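Welcome, and please take a moment with the sequence and the 3D view below. A short guided tour follows them.

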Amino acid sequence: MRKYVDDYEIVIEEDEKGREKKKAVYRGNYYEVEIEKFSLAKFKWVNIVLFLVILALQIAGGFINNQGMYRFFIALPYVGIFLPLYFIATGVFRLPKENRKFRRDEVELSFNRVKKASTYLLILFGMLILGEVIFLIFFANNGYQLEYLYLGVELIGGIAAYLLFNIQKFINISQIEKA
């Protein structure tokens, strides 16, 4: 990515046959990641499980044929939730299993991406749940069973999104001073 191009330097090396080869060598800052109460591997698995639970609940909520999904103030947050879920997926599956010195791109494309996307996810779940409650209070005529089922599914998804958001506060990222 262009954002990280200044962190690398192109070095020309000769191989055993005398041909010149270009090699990218990292010259940027290194970062240390500390996670309170978890090992790095356990932290990754907790994030993956929460992501999969939220994804499964969100897909299941889409199959409920409730009248609220025909209103824009419910449908837009529902569809919008899939964007932070995509970024959470790309960040969670990049999380490393072992602790070491991390490059800037590794930290920003995994830990920071999950932290930012989980914030947006929680906001969108709040909008979705609020929209469903407003629909139930002011616009629902009949078929309350499906509306309550949908609200229950989205409440559980919202709780899982809050847990995903809350677990990110255990991450402490600090830049390692160059010697």
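Here is a briefing that goes from the overall layout to a few individual residues. Please keep in mind that this is a predicted model. The protein has five helices and five strands, and its C-alpha trace spans about 80 × 35 × 25 Å along the principal axes.

**Overall layout**

- Reading along the sequence, you will meet the elements in the pattern β-β-β-α-α-α-β-α-α-β.
- The radius of gyration of the protein is 22 Å, while a compact globule of 179 residues would have one near 16 Å.
- Among contacts with a separation of 6 or more, 74% join residues that are 24 or more positions apart.

**Surface and charge**

- About 11,100 Å² of the protein is exposed, and carbon and sulfur atoms supply 61% of that area.
- Of the 179 residues, 40% count as buried.
- There are 23 positive and 19 negative side chains, and the centres of these two sets lie 2 Å apart.

**The nonpolar cores**

- In soluble globular proteins, nonpolar side chains tend to be buried together.
- The largest nonpolar core here has 30 residues, and those that touch the most other members are I54, I81, I88, L121, F125, L128 and Y150.
- Two or more residues of this core come from each of helix 1 (40–62), helix 2 (72–80), helix 3 (82–92), helix 4 (104–139) and helix 5 (144–167).
- Helix 4 gives the largest share of this core, with nine residues.
- Another core, of 12 residues, lies apart from the largest one, and V33, L40, V107 and F111 are among its members.

**Y150 and helix 2**

- Beyond residues up to four places away in sequence, Y150 touches G61, I64, N66, M69, I74, Y78, L128 and E132.
- Two of these partners, I74 and Y78, are also buried residues of helix 2, alongside A75 and P77.
- Which helices do the buried residues of helix 2 pack against? They pack against helix 1, helix 3, helix 4 and helix 5.

**Q168, a loop residue**

- Look for Q168 in the loop between helix 5 and strand 5 (171–176).
- Is Q168 buried or exposed? Its relative accessible area is 2%, so Q168 counts as buried.
- Leaving aside neighbours within four places in sequence, the residues in contact with Q168 are F43, N47, V114, K115 and S118.

Note on methods: Residues numbered from 1 in each chain as written. Predicted model: local features only at pLDDT ≥ 70, side-chain atom pairs only at ≥ 80, totals over all residues. Heavy atoms only, no water. Core = buried A, V, L, I, M, F, W, Y, C linked by side-chain atoms within 4.5 Å. Buried < 20%, exposed > 50% of the residue type's maximum accessible area, 1.4 Å probe, protein only. Helix = DSSP H or I, 4+ residues; strand = E, 2+ residues; numbered from the N terminus. Contact = heavy atoms within 4.5 Å. Rg over C-alpha atoms; globule rule 2.2 N^0.38 Å. Areas by Shrake-Rupley, 256 points an atom, 1.4 Å probe, with all protein chains shown as cover. Lys, Arg positive; Asp, Glu negative; His and termini not counted. Charge placed at Lys NZ, Arg CZ, Asp CG, Glu CD.
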